[in-house]
Amino acid sequence: MTMRMMGMALGNNVALIVVAGCSSVIQGMGPKNSYGYPALNIAFAAGPAAASGMWRAFKQRNKDVTVVVWAGDGGTADIGFASLSGAAERNENFIYVCVDNEAYMNSGGQRSGSTPHGAVTPTTPEGKKENKKELLFLMLDHHVPYAATASVGYPHDLMDKLRRAKTIEGFRYLQVLTPDPYGWLFDPSRTAEVGKLAVQTCYWPLLEVVNGRVQVSNESLHCLRKETRRPLRDFLSVQGRYKRLNDQDYKELESYVDYTWDRILKLMRT
Amino acid sequence: MSLEYQVFPVSTPAEGAGGKTGNWRTVRPVVTDRCIGCNACFLWCPEGTIGVVGRKAKVYYEYCKGCGVCANVCPVKAIEMVMEQ
């Protein structure tokens, strides 16, 4: 889904680096099963490193090509984080798209660093005890020129952000929330709905940071005040992975949302 | 200089290793008269098998897998999911 939107947004002259995940399974033998973009499949830990090399190679041959790394949240938050951090610190010129489905969905839905508190996965049958890793804030601490979050519930917003990212030089980070029906345990036809609910309940903030200036997207503006937020239970009750959630876990998740938005507000003031 | 061989990338389904994917589905989306041609289904369809022709949505049944996303995102509920015979 996100892949298709990215194609619409970025247009021509894109080369893709696919870090191991579901997206490397979708493509098969050419010419019929492949992507429309030139793609390089590579190991988890090597995506950003390969992209650094690739854009330099394109530059030497005088080609104006946007290099895009396409990685899951496992490849971003856990296994690939070292090379991602290195590339962000060197401010390499490529777009990094993290497709965040909040677990290792391709290998059976095991917990990852980006799985939220209370979610049931095959490796955390009682619900995860820790909070989600704050990938966006981690990337902001690398002083990258562009970092943003998006959701598949709002494709226009996602495409706008990708187009803006294409015009900026330097390391660009985009994290997209992609609800996964099989890991999150809801009906596949409600994918877009769940993506919207995550934004409406303020669980997933939509914002973009250009050169340190924080801009909250229109869809998330109501989250800035606590009274106007939609109750988090609307988002949790449609998913089967939160069925083990008790009242204390719910309070912790709520306080996690409050904490995230407090942090964003603090960033906006500075 | 650019990569000359690329075309405008809106993805369309094509026959893969598993053949045409139309026979995977158990329910089929049927567009009714209420359709206003707003392109929402086209935007969200994960397979690119629905599009607006004229002012009405048209489903390409050869590749549609019947996931039901289009019926859920439709703002006027113009798409019905009908059991496959």
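In the predicted model, A:N91 adopts a positive phi of about 55° just after helix α5 of chain A. The helix that precedes A:N91 spans residues 81-90, and A:F81, A:S83, A:L84, A:A87 and A:A88 are buried within it. Viewed down the axis of α5(A), these buried residues fall within an arc of 165°, so they line one face of the helix. Such a pattern follows from helical geometry: an α-helix has 3.6 residues a turn, so residues three or four places apart point the same way. The exposed residues A:A82 and A:E89 are carried on the face of α5(A) turned away from the buried side. Cover for the buried residues of α5(A) comes from elements of chain A that include α3 (47-60), α4 (73-78), β4 (95-100) and α6 (135-140).

A salt bridge joins A:E92 to A:R56, with the closest N and O atoms 2.7 Å apart. This pair links distant parts of the chain, since A:E92 belongs to the loop between α5 and β4 of chain A and A:R56 to helix α3 of chain A, 36 residues apart. A:E92 is buried, at a relative accessible area of 2%, whereas A:R56 is partly exposed, at 43%.

Over all chains, the count of salt bridges comes to 17. Among them, the side chains of A:R111 and A:E130 meet at 2.9 Å, N to O. Both residues lie in the loop between β4 and α6 of chain A, so the pair ties together parts that are 19 residues apart in sequence. A:R111 counts as partly exposed, at 34% relative accessibility, and A:E130 is likewise partly exposed, with a relative accessible area of 40%. A further salt bridge is formed by A:R230 and A:D234, whose closest N and O atoms are 2.8 Å apart. In this pair A:R230 is partly exposed at 34% relative accessibility, and A:D234 is partly exposed at 28%. Beyond these pairs, a network of salt bridges links A:D100, A:E102, A:K132 and A:R241.

Attention now turns to the nonpolar interior. In soluble globular proteins, nonpolar side chains tend to be buried together. The largest nonpolar core in the model contains 61 residues, of which A:V67, A:F94, A:Y96, A:F171, A:Y173, A:F235 and A:L236 touch the most other members. Helix α11 of chain A (residues 247-269) gives the most to this core, contributing six residues. When neighbours within four places in sequence are left aside, A:Y173 is in contact with A:T76, A:Y96, A:C98, A:L135, A:L136, A:M139, A:Y146, A:A147 and A:A148. A second core, separate from the largest, comprises 18 residues, including A:W70, A:V97, A:V152 and A:A165.

Helix α9 of chain A (residues 191-200) is mostly covered, with seven of its 10 residues buried. The buried residues of α9(A) are A:T191, A:A192, A:V194, A:G195, A:L197, A:A198 and A:V199. Within chain A, they pack against β5 (146-151), β6 (172-177), α8 (181-184) and α10 (233-237). Their packing also involves chain B, through α1 (40-44) and α2 (69-73). After α9(A) comes A:C202, with a positive phi near 70°.

How values were computed. Residues are numbered from 1 along each chain as its sequence is written. Chains are lettered from A and ligands numbered from 1 in the order in which they are written. This is a predicted model: local features need pLDDT of at least 70, side-chain atom pairs count only at pLDDT 80 or more; totals for chains, interfaces and linings use all residues. Side-chain values use heavy atoms; hydrogens and water are left out. Buried means under 20% relative accessible area, exposed over 50%, partly exposed in between (1.4 Å probe, protein chains only). Helices (H or I, at least four residues) and strands (E, at least two) are DSSP runs, numbered from the N terminus. The arc is that of the directions from the helix axis to the C-beta atoms. Contact means heavy atoms within 4.5 Å. A salt bridge is a side-chain nitrogen of Lys or Arg within 4 Å of a carboxyl oxygen of Asp or Glu. A nonpolar core is a set of buried Ala, Val, Leu, Ile, Met, Phe, Trp, Tyr and Cys residues joined through side-chain atoms within 4.5 Å.
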